[in-house]
2 protein chains.
Amino acid sequence: MDISFNDIKQKFQGCGLKTTPQRTAIYDALLRSTAHPTAEDLFDQVAPQFPMMSLNTVYYTLGVLRTSGLIHEVNIGHTRARFDANLSPHHHLICVECQAIVDVMDPRLNRLTSPAGIPKDFEITSYQVAFRGFCGSCRRHAGRSINHSSSGLHPTTVKGGLHGKSS
Amino acid sequence: MDISFNDIKQKFQGCGLKTTPQRTAIYDALLRSTAHPTAEDLFDQVAPQFPMMSLNTVYYTLGVLRTSGLIHEVNIGHTRARFDANLSPHHHLICVECQAIVDVMDPRLNRLTSPAGIPKDFEITSYQVAFRGFCGSCRRHAGRSINHSSSGLHPTTVKGGLHGKSS
DNA sequence: TGTTAAATAGTAATTATTCTTAAATAGGAA
DNA sequence: TTCCTATTTAAGAATAATTACTATTTAACA
């Protein structure tokens, strides 16, 4: 996920965006991260290089990048927006304790077929699976043992498909 | 999805909750709805019966019901929380234009298996698929024709499983 | 190099939600 | 049935995240 300044400049130009130092730094920070940072996370990360920068600029920049399709907004809970520069189709694993978001790149999840029983005139343009649970450190901290049956998930990966046995 | 006052009373008692008129009305309104209303939606719906009620009570009540496991909070975007009294496992279809949320009950979606490539110590407790797109009325209003290929979804439902052909 | 539309930074405003507190009340005990 | 108490309600204040407004600055193009 390494990218040069010129790559970023080209992407910005391709979207008709000016290449400013702040914008470049924010987008670069997001490209380097897999943690799905908040606007404030990015501000904290970039602010040392730009002592005059305002949090507002981060929000504005993220809005522009999102509108241009260079980044995605990921929402887990309604408290704050999280951002992601990984545009390849993927899904998320969310720790309900510490709110960590981990990318799930299993390509089989990208082959779901249209669900049954939905309005015929609804046009689906994308979908995402959000897996929720407890990350390792939160689980250990709480003294939880793993109990896969509670998820409704099959404990092991089934070769060749995402479905379990028909019930 | 019809439920009597005594059913509600029993559910509240089972969770150690007092059966107050406001709480009953809020939960009843949520049970009758499939629109995944916001706290304010519910307030508007219930307020005529309780002119003195405050929005605060709705928030408090929804918090109590959620903690008791009687309702779920559904988040689409970070702007506001939406609520759902439908506890049976299901998924959602979200209109990115008008923010409508439609339940997707296709049982095949409840049989996904553990995704590959995730940390071994992460315990998944649940998952949900969020399908995004344009509902009929928003699509017609914007003059969009249906283009299923943009979703990565197979246009037709494949009998017997959720996966498409292996590529 | 000059021009201009876009971007930045600072401040204020807005929105959704939570906190605090006092009064009211449901539900169990006497 | 009446009393007691913890819970619930309502009202207003407070908070957190985000957006709006505006003057200044700057990147990109001519």
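Which residues are the closest to DNA strand C? They are A:Thr20, A:Asn56, B:Asn56, B:Tyr59 and B:Arg80.

This is a predicted model, in which local features need pLDDT of at least 70, side-chain atom pairs count only at pLDDT 80 or more, and totals for chains, interfaces and linings use all residues. Residues are numbered from 1 along each chain as its sequence is written, chains are lettered from A and ligands numbered from 1 in the order in which they are written, and side-chain values use heavy atoms, with hydrogens and water left out.

**View 1. The protein surface near DNA strand C.** In total, 20 residues surround the strand; a residue is near a strand if one of its heavy atoms lies within 4 Å of it. By class, they are five nonpolar, 11 polar and four charged. Here Ala, Val, Leu, Ile, Met, Phe, Trp, Tyr, Cys and Pro count as nonpolar, Asp, Glu, Lys and Arg as charged, and the others, Gly among them, as polar. Of the atoms of DNA strand C within 4 Å of the protein, 76% belong to sugar or phosphate and the rest to bases.

**View 2. Polar contacts to DNA strand C.** A polar contact is a pair of N or O atoms within 3.5 Å; within protein, one must be able to donate a hydrogen and the other to accept it, and residues adjacent in sequence count only if both atoms are side-chain atoms. A:Asn56 places a polar side-chain atom 2.4 Å from a base oxygen of the strand. Two contacts from chain B involve phosphate oxygens and polar backbone atoms: B:Thr19 at 2.8 Å and B:Ala81 at 2.6 Å. Helix 2 (21-32) and helix 4 (55-67) of chain A, together with helix 4 (55-67) of chain B, each give two or more residues to this surface. Helix 4 of chain A gives the most, with four residues. Helices (H or I, at least four residues) are DSSP runs, numbered from the N terminus.

**View 3. Cysteines without disulfides.** A disulfide is a pair of cysteine sulfur atoms within 2.5 Å. The count is zero over all chains. For A:Cys95, the nearest cysteine sulfur is that of A:Cys98, 3.7 Å away. A:Cys95 is buried (under 20% relative accessible area; exposed is over 50%, partly exposed in between; 1.4 Å probe, protein chains only), because its relative accessibility is 0%. For B:Cys98, the nearest cysteine sulfur is that of B:Cys95, 3.6 Å away. B:Cys98, at 40% relative accessibility, counts as partly exposed.
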